[in-house]
Amino acid sequence: MTQASTTLPLVEQFQYGLDAPICLTWELTYACNLACVHCLSSSGRRDPRELTTAECRAVIDELERMQVFYVNIGGGEPTVRPDFWDLVDYATAHRVGVKFSTNGIKITPERAESLAASDYVDVQISLDGATAEVNDKIRGPGSYGTALRAMRNLAQAGFTGFKISVVVTRQNAGQLDDFMAIAERFGAQLRLTRLRPSGRGADVWDELHPTASQQRQLYDWLVARGEQVLTGDSFFHLAGYGDPLPGLNLCGAGRVVCLIDPVGDVYACPFAIHENFLAGNVRGPGGFAAVWRDSELFAGLRRPQTGGACQSCSAYDSCRGGCMAAKFFTGLPLDGPDPECVKGHGERALAAAGGAPVPRPFGNHSHRSRPVPVTIGRRPAGPGPVRHRPDRACDENPLAGFRP
Amino acid sequence: MSTDAPPRAESFDLDRPWQLHPQVSVRPERFGALLYHFGTRRLSFLKSPALLTVVKTLGDAPSAREACRRAGLAQAELPAYATALQTLASSQMIRPREDA
């Protein structure tokens with residue numbers, strides 16, 4: 001990075017927020033053809049209040065004025081919106097780059113050709129198992145085949161460097177090399193992100209989140225791969241092991257990133273869909289820019305945070321207390337340890353809480369009737385299939401891989 | 001988006017004309033600026049307002065040295081700025097300009 005001056009470190013600058021987000025996540029619809037068990041946004045059914053095409057264009061106009069370089073578009077499955085490709089074209093024509101996450105359902109050979117022709121569009125295919133067996137238990141029957149077909153189409157169209165995005169779980173943590181091999185086979189880049197207890201993920205987090213030893217192996221594996229593998233700054237809580245991973249190693253919520261949901265609600269981050277993190281709505285006076293600049297919630301996040309119980313820990317300077325959303329949805333205090341704290345403080349805090357009630361994710365657009373195909377891992381047959389449904393193009397993580 | 005490549009070892013040629021890459025967007029910030037390259041999908045940071053002035057001046061100046069002078073930099077500051085510019089060159093944020 002450029003080092004010409006002795007100004008404050010960038011990370012400190014970022015903690016006080018920027019005039020506009022560096023990038024933001026925009027979930028265009030809650031509709032989805034899948035029903036992944038860990039869907040962050042509890043997607044499935046479209047919400048009748050979703051932004052219209054004209055409203056989406058107005059948001060893009062604002063992003064252009066604010067010089068937001070690119071948006072991470074997700075959902076739901078964004079490509080099922082009939083105006084999706086038009087909105088992508090509109091954004092890129094206005095110099096707002098697009099990276100969209102998809103399960104691959106609409107990535108036909110023809111579509112892959114047109115995507116390969118644009119410099120301003122990047123594609124991220126979600127895959128949560130290196131084999132159909134592991135993937136389809138999370139994402140639903142046939143979803144592995146759909147994703148691989150999309151990858152094949154992109155590769156054949158000459159789209160190099162598209163992303164394969166994996167949410168690391170207890171079931172796939174042993175497949176990292178296999179994911180790498182799939183990425184190499186298609187000329188793609190691997191991106192690993194963290195499982196959050198958000199949306200339907202709250203229901204499955206206990207059984208799906210990596211064990212402490214898997215977490216350690218993941219960290220070592222990532223350190224060895226350096227910048228070859230993207231993480232969207234998702235694993236900064238692992239910096240407590242020693243060296244930080246590439247990235248800002250900072251929670252960017254409300255400071256450098258945020259989420260716009262399908263109905264225009266603006267949240268501090270994609271993993272925090274809950275009224276406590278709701279900053280406003282793009283339909284309000286002043287639009288998105290006013291929410292970003294004037295929201296009291298965001299102003300609070302931009303003030304110096306206290307480390308609370310973590311302050312005296314030797315790792316605090318590296319992990320900064322971990323992920324706000326992960327703490328919130330597991331019922332831990334926001335100034336306490338991350339539930340997956342590498343020093344084990346989170347586990348102890350969870351054990352001490354003894355299963356006390358935790359905040360519930362806000363809103364649920366899960367399919368009502370479709371049976372969930374999954375029994376995850378060793379879950380006893382007793383509780384039966386999870387009531388809400390899976391899906392969504394799952395990862396949208398906020399900070400794509402910068403480093404200060 | 002990927003991250004920056006490490007700067008190359010060679011030194012920066014202050015005496016030739018340079019320009020911002022046409023696919024790069026610049027967004028001024030209090031600390032300097034954010035740069036985003038739409039082709040490489042990389043983000044960079046300019047950590048001082050003076051460096052932002054240099055970068056914005058490059059395309060109109062006959063040399064990078066002249067752009068630095070117009071930005072009001074002292075001679076002693078040039079080596080640090082040359083290093084910063086080299087980092088930008090190696091990530092294709094700026095590129096040599098072929099003048100007639």
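Begin in chain B of this predicted model by selecting strand E2 together with strand E3 (residues 32–37), which pair in the antiparallel sense over six bridges. Within this pairing, pick out B:Val24 and look across to B:His37 in E3(B), the residue that stands opposite.

Now add strand E4 of chain B, and an open sheet of three strands appears in the order E2-E3-E4, with antiparallel pairing. Strand E2 (24–29) and strand E4 (42–46) stand at the edges, and because each has a single partner strand, one side of each is left without a neighbour in the sheet. On average, and with direction ignored, neighbouring strands here are turned by 20° against each other. Next select helix H1 (residues 49–57) of chain B, which packs on the sheet and touches E2, E3 and E4, its direction making about 45° with that of E3(B).

Move on to chain A and select helix H3 (residues 84–93), whose buried residues are A:Phe84, A:Leu87, A:Val88 and A:Ala91. These residues cover an arc of only 105° around the axis, which puts them on the same side of H3(A). To see what they pack against, show helix H2 (53–65) and strands E2 (70–74), E3 (97–102) and E4 (121–126) of chain A. Just after H3(A), stop at A:Arg95, which takes a positive phi of about 55°.

Finally, turn to the largest nonpolar core, which has 128 residues, and select A:Val71, A:Tyr267, A:Ala268, A:Cys269 and A:Ala272, the members that touch the most others. Apart from this core lies another, of 10 residues, including A:Phe236, A:Ala315, A:Cys319 and A:Cys341.

Terms used
Residues are numbered from 1 along each chain as its sequence is written. Chains are lettered from A and ligands numbered from 1 in the order in which they are written. This is a predicted model: local features need pLDDT of at least 70, side-chain atom pairs count only at pLDDT 80 or more; totals for chains, interfaces and linings use all residues. A nonpolar core is a set of buried Ala, Val, Leu, Ile, Met, Phe, Trp, Tyr and Cys residues joined through C-beta atoms within 7 Å. A residue is buried if 20 or more other C-beta atoms lie within 10 Å of its own, exposed if 12 or fewer, and partly exposed in between; C-beta atoms are placed from the backbone. Two strands pair if DSSP finds at least two bridges between them. Helices (H or I, at least four residues) and strands (E, at least two) are DSSP runs, numbered from the N terminus. Axes are lines fitted to C-alpha atoms, for helices over the stretch in contact, and angles run from 0 to 180 degrees between N-to-C directions. Two residues are in contact if their C-beta atoms, placed from the backbone, lie within 7 Å. The arc is that of the directions from the helix axis to the C-beta atoms.
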